Amino acid sequence: MGEAAEPRRIHGVMVSSTARDLALHRAAVIDTISRHRGLRAVAMEQDAARPGGTALTSSLAKVRETAAYVLIIGDTYGQIPESPDNPEGRSLTELEYREARRLGRPILVFIMGPDHPLPRSVVERDRTMICLLTEFTEDAKKAAEGSPLQRVFATFNSVAELTLSVTESLAELRILLDSSARSPASESPELSQTPRYESPRTTSTRQHERRPIEPRVSIPTPTDRAVHEDRNAESRTLDFHTLWRNRRKGAQFMRTWQGDFEPFVVGDPGSAAGSVIARRDAEVPDRSDIVLDSAAIHGEDDRPSLVLRAASVRGLSHRFMGKVRQDEYAFRQTADGRYLVIAVADGVSSGPLSHLAASVATRQGCALIEGRLRQYVPSDVPWQNVLQALKADIEDSGRRALERRGVDTLGWGADEFTKELATTLVVAIVDVEAQQHGHGVTLMRVGDASAWIRDRRGSWRDQYEANVGRFVGSSVTTALPCLRAIDSPVSTTVRRGEALVLMTDGVGDPLGDGANDFADFLSDVWSVPPAALAFAAHLDFARRSFDDDRTAVAVWPT
């Protein structure tokens, strides 16, 4: 009989990072390690209560119990345990890293890159903490304590990018750990040299220079266990990708594409964000879940004067219930090129045909306003006339749709139609030519859709909140085709470095008063015009309790 095969060793890998800014990153790395054969993720999240123990003693014990160490450095320094064992006042994460380095554990270091979006609420602001974080980051880049040589580390600018880097690193890490377990006092011939070369992705083109540094693991140089435990032992770097290609005898595995995507999460995403399976609305099978647009609006000199992004996304509640997207937007430039007309509508959820009302209000609304601008300047547009025409168009469209369903609408008025199809509406007329103080903007709305300006400081200004108290008729919220109350028009300006954003309450509600973490998120990602697909992805954010359709049209002066 042959000898029994040696059972596969399961190596523990410690995952170390701060939690406040890297919760999603930790979860992704822990999951990636746990899925990898032969490796087991070890993290503080797995801790049970230990009588008489502290977070510091528990975390250092985990480092000692594991075979390798993964360090993720974000934008906060982290918790500083108060303990006689921490006389220098270092963070728990840094103390874990120092212990792993003292023990000579293989170390993988991943550092958040400058292009990683983060809510302002998790960005380190304390000057002392910033200094400690900078010092820790620079120390983690060193091959060994006090060494002038620099460790080769990886940077990441998203959770997906970090996950990819970790995944690419784990196979080689396990090979190293398996080899060390079989022969602790010797090194693999492949690891006995110190390769010094650039990452295979590094090229002279600007496009590739922006790629993150390739993930590599820093390996101490033990010849026996005593040296392995020496905290002053020098380290080497191992390029996993190069070794992989060497083993495959020169096979080229260089990736010829780049880029990644992950859904945006703001605060607590809630459970629905990851569990809802979108169902189609059988009665409206040809209506899209997501629509988006991108445009450059040219002025008289044929140069772009405004940059526009627009998107409408079906919300989680409608995906879950199988109801159609009820938001809509439209925009058009007048024939003479002088004005840009934008309309955003939010169909009232209770109306089964409200998506039709939103479509008519935006498309017909833009067409009607363009026609009036041939005769009037924006401040003189006869809004009552425009809205009455829209009311009639919505009722006509609703009548035809209902009659196709066998509903007799003879004798119906605005109240009856509003029960079947209704929508709020906000309209902007933007002067394409900039004046002394910026681009003039005239706003009109029906209902609770909103218009905001993101100013040069990154703050949000609600254009209707800033102009309260001026109404035509009652202040009761209304929706087309019912016209019991109409907010009076608002005049404002948008300047270079600012952005004008029209939005439905699927975006306006989480934005609130413009001073919260969601406002910080939008301020960061919309500081400049994003790619059209990115703009739509921003609207498809996950945040607990906010599951309505989301629509926004944003304009940035050039």
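Me: In this predicted model, over which residues does pLDDT stay under 50 with zero contacts beyond four places in sequence?
Reply: Low confidence is not by itself the whole description, since the stretch at residues 467-476 also has a pLDDT below 50 and yet shows 14 contacts beyond near neighbours in sequence. Where pLDDT is low, the predicted coordinates should not be read in detail. The stretch for which the model has zero contacts beyond four places in sequence, with pLDDT under 50, is residues 1-7.

Me: Is cysteine 366 buried or exposed?
Reply: A residue counts as buried when its relative accessible area is under 20%. Cysteine 131, at 53% relative accessibility, counts as exposed, and the structure holds zero disulfides. Cysteine 366 has a relative accessible area of 1%, and therefore it is buried.

Me: How far apart are the end C-alpha atoms of helix H1?
Reply: Helix H1 covers residues 23-35, and its 13 residues, at 1.5 Å a residue, should span 18 Å. Along this helix several residues are buried, including His25, Val29 and Ile33. The separation of the end C-alpha atoms agrees with the expected span, being 18 Å.

Me: Which residue in S18 stands opposite threonine 442?
Reply: Strand S13 (residues 439-446) is largely enclosed by the rest of the structure, because seven of its eight residues are buried. Six bridges join S13 to strand S12 (residues 423-431) in an antiparallel arrangement, where leucine 425 stands opposite valine 446 of S13. Strand S18 (residues 490-494) is also antiparallel to S13, with five bridges between them. In that pairing, the residue opposite threonine 442 is serine 491.

Terms used: Residues are numbered from 1 along each chain as its sequence is written. This is a predicted model: local features need pLDDT of at least 70, side-chain atom pairs count only at pLDDT 80 or more; totals for chains, interfaces and linings use all residues. Side-chain values use heavy atoms; hydrogens and water are left out. pLDDT is the predictor's confidence in each residue, from 0 to 100. Contact means heavy atoms within 4.5 Å. A disulfide is a pair of cysteine sulfur atoms within 2.5 Å. Buried means under 20% relative accessible area, exposed over 50%, partly exposed in between (1.4 Å probe, protein chains only). Helices (H or I, at least four residues) and strands (E, at least two) are DSSP runs, numbered from the N terminus. The expected span of a helix is 1.5 Å times one less than its number of residues. Two strands pair if DSSP finds at least two bridges between them.
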